[in-house]
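This report covers the contact between two chains, the nonpolar core and one helix pair. The sequence and structure come first.

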Amino acid sequence: MRPEKSEKKEISIGISGLIEIHFKREKLVKAVDVKPGEMKVLVLNDGVLILHYDENTKKLRYAFFDNKGRLKDVGETF
Amino acid sequence: MLKNKKRVKNVTMSVTISEEDVEKELELHDQLDLVLVLAIGPSPASHLAVQKRAILISKLLGVDLEVEPYRYGLYSETITEKLQSAKNATLFRKRDGKYELAPIGLRAYYKILKRLAVKKGEDTLRFIEILYRMGDDELLALTYHLFPESFEKSEIKDKVRAMIEQLRGKGIIKARREGEKIVLEADA
């Protein structure tokens, strides 16, 4: 079950590479595993979040696209 | 003027492609050929778009692909060879400077999507659909950002870096560390 539009979600990535998506309202947790070198995609209400665990720099890089394919936000962990 | 004027009919040849034909065709190709079918998609696509989409899709699906930094970011010689290979002409072809799926390639495309939905889930399909809506600039910014080795030999690195910097820290996704844990807060 997906959360309502504009709902805030929290995604946490543990040291094991496990990603947990916390849907606050429904208290729903979705977990995926990201290993070094892997890429994962997660569909959110307004678009798609792309995660890549860069094995060279050991950084998690992310990019968010809206549903029309427009890149809206990028970043990486420190 | 001819006494018996011949009326020439336009005859459209319709070739029926059975499910069995598609299955047999798919068995003749390796995983990377099928990634290229997905990368081209239902509408004609430029070489740059096919290269970038194929790099992203192969990474997502865990299909091995050799890439190297080149003039426009990461580039795969294998992709170029496969796009030009006569063996793949049943799946896709080049016309007017763009790549498009042949009739059996289009049938194969929908079959691969169905398989992916079962094996990888709807999120993967959604991402592939969104790839088709991305312009060249978006594809460049995405691949350069996710794979920063793209900058190494790039002739367009300043332009792409500027695009990425404009998007950085827009606040839709916020990242922070909590001890050993990384937390991404998504407001989308």
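The text below goes from the interface to the core and then to the helix pair.

The model is predicted. In it, 36 residues of chain A are in contact with 32 residues of chain B. On the chain A side, five strands each supply at least two residues; they are listed in the table.

| Strand of chain A | Residues |
|---|---|
| β1 | 9-13 |
| β4 | 39-43 |
| β5 | 47-54 |
| β6 | 59-66 |
| β7 | 71-76 |

The largest share, six residues, comes from β6(A). Sorted by class, the side of chain A that touches chain B holds 19 nonpolar, eight polar and nine charged residues.

The largest nonpolar core has 61 residues. The members that touch the most others are Leu49(A), Ile50(A), Tyr62(A) and Ala63(A) in chain A, together with Leu36(B), Val37(B) and Ile40(B) in chain B. Beyond its neighbours within four places in sequence, Leu49(A) is in contact with Val41(A), Leu42(A), Leu44(A), Tyr62(A) and Phe64(A), and across the chains with Ile173(B) and Ala186(B).

In chain B, helix α2 (residues 31-40) packs with helix α3 (residues 47-61): their axes come within 8 Å and cross at roughly 125 degrees. At that angle, α2(B) and α3(B) are therefore oblique to each other. Their crossing is right-handed. From α2(B), Leu32(B), Val35(B), Leu36(B), Leu38(B), Ala39(B) and Ile40(B) take part, meeting Val50(B), Arg53(B), Ala54(B), Ile57(B), Ser58(B) and Leu61(B) of α3(B). The contact of the two helices comprises 10 nonpolar, one polar and one charged residues.

Key:
Residues are numbered from 1 along each chain as its sequence is written. Chains are lettered from A and ligands numbered from 1 in the order in which they are written. This is a predicted model: local features need pLDDT of at least 70, side-chain atom pairs count only at pLDDT 80 or more; totals for chains, interfaces and linings use all residues. A nonpolar core is a set of buried Ala, Val, Leu, Ile, Met, Phe, Trp, Tyr and Cys residues joined through C-beta atoms within 7 Å. A residue is buried if 20 or more other C-beta atoms lie within 10 Å of its own, exposed if 12 or fewer, and partly exposed in between; C-beta atoms are placed from the backbone. Two residues are in contact if their C-beta atoms, placed from the backbone, lie within 7 Å. Helices (H or I, at least four residues) and strands (E, at least two) are DSSP runs, numbered from the N terminus. Ala, Val, Leu, Ile, Met, Phe, Trp, Tyr, Cys and Pro count as nonpolar, Asp, Glu, Lys and Arg as charged, and the others, Gly among them, as polar. Axes are lines fitted to C-alpha atoms, for helices over the stretch in contact, and angles run from 0 to 180 degrees between N-to-C directions. Angles under 35 degrees count as roughly parallel, over 145 as roughly antiparallel, 65 to 115 as roughly perpendicular and the rest as oblique. A crossing is left-handed if the near helix is turned anticlockwise from the far one by less than a right angle, and right-handed if clockwise.
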